[in-house]
Amino acid sequence: MMVKTAKTNTRTFTQNARRAQIVQAAIETLAESGYAKTSFTRISQQAQLSSTGMISYHFSGKPELFAEVVSTIMEKADHIADARMREESTSRGKLGAFITSRFDFVARYPLHTQALNEILRMVRDHQITGLENTERSIMSVDRLVALLEQGRSAGEFGSFDCFTMALAVRGAIESVLRHHLCDVAMDLDQCARELADMFDRCTQAVQRTP
């Protein structure tokens, strides 16, 4: 993150605005056309640029552009999660806020969600190289593990392996969202509440009777 900030600070306001315009166009193109049809030509047309050369001026290639797309999307998702989690004073509350924030993000930013899914498909189908670190960043459960460990230390959670539980939380969220992206009719708010309640119950400390 510090490297990105340093590079950003060396750019002019106009350069940053142009990069943001290209990133947004890439998000829209990925979401609407799929990764197989997402080319610099289509992104250029979506951004209403005079040529693809303007994209090449700001990004060395697709790996750099798509890494910026992922960074932009993840920052938005994390911003929503941070805002919700700050409203909670307990680890149990923060876990529920984290889960519901992911569904809130999907509802508010459907194109961003679809674009991120397309980039993951692109990497996993070996259609592009140079995004391996980006994929690991998307799939990371470090934040969840830290939250679960904190809550367990405070006595709010029971005795379980935090990494395994973090994978279960993430897997449950992704499973619901995959169905949603396949146009399966579902109430995202209800799904969010159900998952938050389910993991609250299965992670809470066992109350021992004297």
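# Exercises on an all-helix model

The protein carries 25 positive and 25 negative side chains, and the centres of these two sets lie 4 Å apart. Here Lys and Arg count as positive, Asp and Glu as negative, while His and the chain ends are left out. Each charge is placed at NZ of Lys, CZ of Arg, CG of Asp or CD of Glu.

Before you start: this is a predicted model, where local features need pLDDT of at least 70, side-chain atom pairs count only at pLDDT 80 or more, and totals for chains, interfaces and linings use all residues. Residues are numbered from 1 along each chain as its sequence is written, and side-chain values use heavy atoms, without hydrogens and water.

**Exercise 1.** Work out how many helices and strands the protein has.

Solution. Start with the rule: helices (H or I, at least four residues) and strands (E, at least two) are DSSP runs, numbered from the N terminus. Now count, and you get 11 helices and 0 strands. Then check the box around the C-alpha atoms, taken along the principal axes: roughly 75 × 40 × 30 Å.

**Exercise 2.** Decide whether T134 and R108 are buried, partly exposed or exposed.

Solution. Get the cut-offs down: buried is under 20% relative accessible area, exposed is over 50%, and partly exposed is in between (1.4 Å probe, protein chains only). Take T134, in helix α8 (residues 132–139). T134 has 15% relative accessibility, so T134 counts as buried. Next comes R108, in helix α6 (residues 91–108). Its relative accessible area is 49%, so R108 is partly exposed. For the whole protein, buried residues make up 41% of the 210 residues.

**Exercise 3.** Find which residues touch the most other members of the largest nonpolar core, and which helix gives the most to it.

Solution. A nonpolar core is a set of buried Ala, Val, Leu, Ile, Met, Phe, Trp, Tyr and Cys residues joined through side-chain atoms within 4.5 Å. The largest one has 31 residues, and I43, I55, L65, F66 and V69 touch the most other members. Two or more residues come from each of α2 (13–33), α3 (40–47), α5 (62–86) and α7 (110–124). Of these, α5 gives the most, with 8 residues. Apart from this core lies another, of 29 residues, among them F98, F103, V145 and C191.

**Exercise 4.** List what I43 touches, leaving out residues up to four places away in sequence.

Solution. Contact means heavy atoms within 4.5 Å. With that rule, I43 touches I22, A25, A26, T29, T38, I55 and L65.
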